[in-house]
Amino acid sequence: MLEVDCTMLTPEAVLKTSGHVARFSDWMCKDKKTGEIFRADHLVEQVIEDRLKSDKEARGADVAAEDADSKKKKLKIKKKAPVKLPDHKVALYEKYLAQVLFLKKKVS
């Protein structure tokens, strides 16, 4: 096994030719307190999912089974007490979540 000690592993020309420079442009968010960096689409997706889950809990639905099925890596977001959302907000959040998932699927 060899150790590589350099500032650059792949020349920019190779990345441009392969389409990586033109195709990938992920928005990033930085937590000012912890310094952690997140992809914006992952953060938005998780916040919406958490709000919808909170609404289901407030309405009395069992969400423990959903948590067991989820294999996604969870970001460290402060948990709050379950809040029942108005129906129009639930529909809006579900629409936004579908759009985020569609765009994520389209890019990959």
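## A walk through a predicted chain

The chain you see above has five helices and two strands. Keep in mind as you look around that this is a predicted model. Starting from the N terminus, the elements follow one another in the order α-α-β-β-α-α-α, so try tracing that order with your finger along the structure.

Let us take the whole chain before its parts. The chain has 108 residues, and 15% of them count as buried. Its exposed surface comes to about 9,400 Å², of which carbon and sulfur atoms supply 59%. How do distant parts of the sequence meet? Among contacts in the chain with a separation of 6 or more, 68% are made by residues 24 or more positions apart.

Now zoom in on the stretch that leads into the strands. Asp 26 sits in the loop that links helix H2 (20-23) to strand E1 (28-30). Is Asp 26 buried or exposed? Its relative accessible area is 42%, and a residue is called partly exposed when this value falls between 20% and 50%, so Asp 26 belongs in that middle group. Asp 26 also has a partner from further along the chain: Arg 39 comes 13 residues away in sequence, and the two C-alpha atoms are separated by 6.6 Å.

Step into strand E1 itself and you find Met 28. With a relative accessible area of 48%, Met 28 is partly exposed too. Which residues does Met 28 touch, leaving aside its neighbours within four places in sequence? The contacts are with Ile 37, Phe 38, Arg 39 and Ala 40. His 42 lies 14 residues from Met 28 in sequence, with 9.5 Å between their C-alpha atoms.

Ala 40 brings us to helix H3, which covers residues 40-58. Here is a little check you can follow. The expected span is 1.5 Å times one less than the number of residues, so the 19 residues of H3 should span 27 Å; the end C-alpha atoms are 27 Å apart, which agrees. Several positions in H3 are buried: Ala 40, Glu 45, Gln 46, Ile 48, Asp 50, Leu 52, Ser 54 and Asp 55. Just after the helix, Gly 60 adopts a positive phi of about 95 degrees.

One of those buried residues, Ile 48, points us to another helix. Tyr 96 is in helix H5 (residues 87-107), and its C-alpha is 8.0 Å from that of Ile 48, although the two are 48 residues apart in sequence. Tyr 96 is partly exposed, with a relative accessible area of 35%.

Finally, let us look for empty space. The largest pocket holds about 480 Å³. Of the 13 residues lining this pocket, Asp 50, Arg 51, Ser 54, Lys 78 and Lys 80 are the closest to its centre. What kinds of residues make up the lining? Seven are charged, five are nonpolar and one is polar. Asp 50 and Ser 54 may sound familiar, as both were among the buried residues of H3.

Notes:
Residues are numbered from 1 along each chain as its sequence is written. This is a predicted model: local features need pLDDT of at least 70, side-chain atom pairs count only at pLDDT 80 or more; totals for chains, interfaces and linings use all residues. Side-chain values use heavy atoms; hydrogens and water are left out. Helices (H or I, at least four residues) and strands (E, at least two) are DSSP runs, numbered from the N terminus. Buried means under 20% relative accessible area, exposed over 50%, partly exposed in between (1.4 Å probe, protein chains only). Contact means heavy atoms within 4.5 Å. Accessible areas come from the Shrake-Rupley method with a 1.4 Å probe; for residues, only the protein chains shown count as cover. On a 1 Å grid over the protein atoms alone, a cavity is a set of points where a 1.4 Å probe fits but cannot get out, and a pocket is an open set with protein on both sides within 12 Å along at least five of seven lines; lining residues have an atom within 4 Å of a point. Grid points are joined across faces, edges and corners, and a volume is the space filled by probe spheres set on the points. Ala, Val, Leu, Ile, Met, Phe, Trp, Tyr, Cys and Pro count as nonpolar, Asp, Glu, Lys and Arg as charged, and the others, Gly among them, as polar.
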